[in-house]
Every structure is written in structure tokens, then in C-alpha cells.
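Reader: I would like a close look at one part of this model. Please take the buried helix and the core around it, and then its surroundings.

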Amino acid sequence: MEILMTVRKIASICTMGANASALEKEIGPEQFPVNEHYFGLVNFGNTCYCNSVLQALYFCRPFREKVLAYKVQPRRKESLLACLADLFNSIATQKKKVGVIPPKKFISRLRKENELFDNYMQQDAHEFLNYLLNTIADLLQEEKSQKRQQNGKLVQNGNGEGSEGEGEGEGAKEMQQTWVHEIFQGTLTNETRCLNCEAVSSKDEDFLDLSVDVEQNTSITHCLRGFSNTETLCSEYKYYCEQCRSKQEAQKRMRVKKLPMILALHLKRFKYMDQLHRYTKLSYRVVFPLELRLFNTSGDATNPDRMYDLVAVVVHCGSGPNRGHYITIVKSHGFWLLFDDDIVESTELHPDPELYLGYDPPPPKKRRPL
Ligand SMILES: [Zn+2]
């Protein structure tokens with residue numbers, strides 16, 4: 001496996017120059033988007049799970065802008081976000097329009113920070129996306145609270161009174177909000193209806209991405225519908241109803257209450273098979289639209305008619321969770337591009353995704369029907 005990767009890499013590095021100029025020629029100097037760069041990322045030994053997710057995120061415009069803005073802020077300490085900001089900045093400031101960049105600093109930081117990624121084994125792209133977004137959010141929260149403490153100290157020194165007590169409730173909630181949440185966070189509402197007394201109880205839950213089950217010959221819309229299908233809780237899964245004060249049969253369904261600005265969907269292609277005692281890959285055909293509207297929204301949803309434009313899909317090629325290869329297909333300025341580690345090509349390929357990222361620009365910039 002390792003040897004195969006190395007041979008493939010040498011082969012791809014040899015054709016790298018040719019590929020780079022080929023893409024530029026193919027797009028044409030007139031059509032090539034201004035201020036856009038299409039750069040491949042060198043693979044450091046099965047790091048395609050990371051490269052593919054980073055490419056997808058680079059083309060999520062609001063995310064890219066925030067990461068680039070972080071780059072110019074006074075640096076507090078070395079972190080995964082700082083390394084990501086350096087990487088995005090080095091792509092965005094290249095003189096050339098196409099080429100290859102080694103994300104060396106980012107990968108070594110990632111390996112240092114999380115032992116899960118500290119090896120040369122294939123990892124799960126969704127797990128990595130999740131880890132990255134949560135790590136960035138934690139870091140931003142930490143920086144926010146440090147800043148607040150410093151300001152608090154200033155207040156304390158100024159008037160001799162502490163600012164304790166303030167910061168609970170609303171303030172605390174605001175503290176939790178970072179630009180990662182502004183971009184990716186949505187809310188689900190989990191409604192349970194008791195079949196005995198008809199009382200409905202609902203519980204809200206925030207998410208940064210949604211994981212949906214896949215079926216054979218289906219579409220993303222269908223998977224989302226399946227996600228929100230009504231489920232009956234009966235026999236040993238009965239629900240404790242507060243009204244009836246006893247366990248009752250109930251109907252449960254999960255719907256989207258707040259739609260995120262960028263919708264990240266994870267298609268659960270790796271399924272544990274009890275009979276086989278291992279995970280197996282569901283290589284099902286899942287059609288994805290270029291524009292996606294969610295139908296599984298709750299009645300009180302704040303922004304139910306968001307329309308998502310496809311940004312990127314991350315695709316797993318291969319048969320199992322511990323082998324195979326990740327690539328990313330991006331739609332950028334009307335061009336379809338395939339990012340396969342250090343290779344960037346234009347493509348017409350529409351394969352079956354594992355991660356789907358769609359973007360709905362927030363108002364007032366929101367598109368209106370003509
Ligand atoms: Zn009840």
C-alpha cells in the first residue's frame with residue numbers, strides 16, 4: 001500500500017508541471033477567474049483524507065475569508081488554525097494560478113495535536129472535518145474568553161469592582177458563538193409525540209454537519225427525507241411521557257429548525273455489519289443536485305427556504321474504511337475541478353459523494369428570483 005502510494009506520487013510529481021499548465025490552458029487566460037488559485041496539496045503518506053477536506057473548505061467562501069482574516073491578526077500562539085491560516089494564505093497569495101503546495105506544517109501540527117491522526121494510516125474524512133471545525137471553534141472560544149478576562153481586569157483596575165456574575169446567561173451563550181458556528185451551525189428539533197396522550201415534547205440540538213443514512217440508487221434529498229422519517233418507539237424502546245408519568249408508545253421525528261449558512265452533509269457509507277464483525281462500505285449511487293433545498297424543516301423554522309449551491313463533494317474511492325483514496329470535486333466560478341492530492345484537473349465527473357458541502361449566502365446579498 002505504502003509502496004504503491006509512493007510510486008503513484010513519483011509518477012504524479014513527474015507529470016505535475018505538465019498538468020498544471022494543461023489546466024491553465026484548458027480554462028484559458030481570459031476565462032481564468034481573477035484572484036483564484038487552483039493548487040494541489042502534496043500527500044505526506046495517506047493524508048488524502050486531510051487534503052480532500054482542506055480543498056473542500058478552501059472553496060467555502062465565508063470559511064476561507066475568515067481563515068485568511070485570522071492570518072493577519074496578531075498571533076497568540078501556534079495552533080492548528082494558525083497553520084491552516086498560513087496554508088490558505090500561501091495558496092491565496094501565489095503568483096502562479098495553478099501549482100502544488102506541501103501542507104507540511106499543517107500535517108505535522110495535526111499529528112502533534114491528535115494521536116488519532118499521528119500515523120500513516122488512512123483516516124476518515126468526516127471524522128477529520130468534525131475534528132477540525134470543533135478544534136477551531138474551541139480555540140476561538142478560548143481566545144474570546146482570554147480577551148474578556150483581560151478586559152475584565154482592565155475594568156477591575158479601573159473602578160475597583162469585578163465584573164463577575166455578568167457573563168452568565170445570554171453573555172455566556174454569545175461567548176460560545178464563533179465564526180465557525182455562524183457558518184456551519186444549524187439546529188435540529190427532535191419532536192416526540194406520546195401516542196397515549198398526544199402530548200408533544202421537543203428538544204433542540206445544534207449541529208455542524210448532518211450525518212444521513214444512504215440507500216441504493218437514491219438522491220441526497222431522499223437521504224434527508226429518510227433522516228426525518230417518523231419513527232415509532234415501541235416495546236423496549238418506549239418513551240417516558242411526563243404527562244402520563246409512564247412509559248408509552250410514541251412517534252419521534254427529527255427536523256431542521258435552523259438551517260446553516262453552509263450545509264455539510266455526511267453520507268454514512270461505512271456501516272458496521274454484525275454478521276461480518278467489521279465495517280463495510282456501501283458503494284451506493286447517490287445523486288446530488290447542484291442546488292439543494294431542504295424539505296425536512298420544522299413548522300417554526302427560521303429560514304426554511306434557503307437554497308444551497310453546491311460548493312464541493314468529497315469522494316471516497318475504494319472498498320473499505322481503512323483503504324482507498326479520497327478526492328474532492330469542487331464547483332468554482334462555473335468550473336468543475338477535481339483535486340486529487342497534488343493533481344488538479346478539470347472534470348466532468350459527478351461521482352457518488354461521502355461529504356457534500358452547499359452554500360447559501362446570507363441576506364442581504366441573497367439572490368432574488370428575477
Ligand atoms: Zn403521554
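Author: The answer starts with one helix and moves outward.

This is a predicted model: local features need pLDDT of at least 70, side-chain atom pairs count only at pLDDT 80 or more, and totals for chains, interfaces and linings use all residues. Numbering starts from 1 along each chain, as its sequence is written.

Take helix α3, residues 48-58. Helices are DSSP runs of H or I with at least four residues, strands are runs of E with at least two, and both are numbered from the N terminus. Of the 11 residues in α3, 11 are buried. Buried means that 20 or more other C-beta atoms, placed from the backbone, lie within 10 Å of the residue's own; 12 or fewer means exposed, and in between is partly exposed. Among the buried residues of α3 are Cys-48, Asn-51, Gln-55 and Tyr-58.

Now the core. A nonpolar core is a set of buried Ala, Val, Leu, Ile, Met, Phe, Trp, Tyr and Cys residues joined through C-beta atoms within 7 Å. The largest one has 70 residues. Val-53, Ile-262 and Leu-355 touch the most other members. Helix α3 gives the most to this core, with 8 residues.

Follow Leu-355. Contact means C-beta atoms, placed from the backbone, within 7 Å. Leaving aside neighbours within four places in sequence, Leu-355 is in contact with Ala-56, Ala-125, His-126, Leu-129, Ala-264, Leu-265, His-266, Val-313 and Val-314.

Next, strand β1, residues 38-41. In a regular strand, side chains alternate between the two faces of the sheet. Tyr-38 and Gly-40 point one way, Phe-39 and Leu-41 the other, and all are buried. Strand β1 runs parallel to β2 (residues 98-101), joined by 4 bridges. Strands pair if DSSP finds at least two bridges between them. Tyr-38 stands opposite Val-98 in β2.

Then two helices: α4 (residues 61-71) and α5 (residues 80-92). Their axes come within 8 Å and cross at roughly 105°. That makes α4 roughly perpendicular to α5. Axes are lines fitted to C-alpha atoms, for helices over the stretch in contact, with angles from 0 to 180 degrees between N-to-C directions. Angles of 65 to 115 degrees count as roughly perpendicular, under 35 as roughly parallel, over 145 as roughly antiparallel, and the rest as oblique. The contact includes Val-67 and Leu-68 of α4 and Leu-84 and Phe-88 of α5.

Last, an open sheet of 4 strands has the order β4-β3-β10-β7, with antiparallel pairing. Its edge strands are β4 (200-207) and β7 (231-233).

How values were computed:
Two residues are in contact if their C-beta atoms, placed from the backbone, lie within 7 Å.
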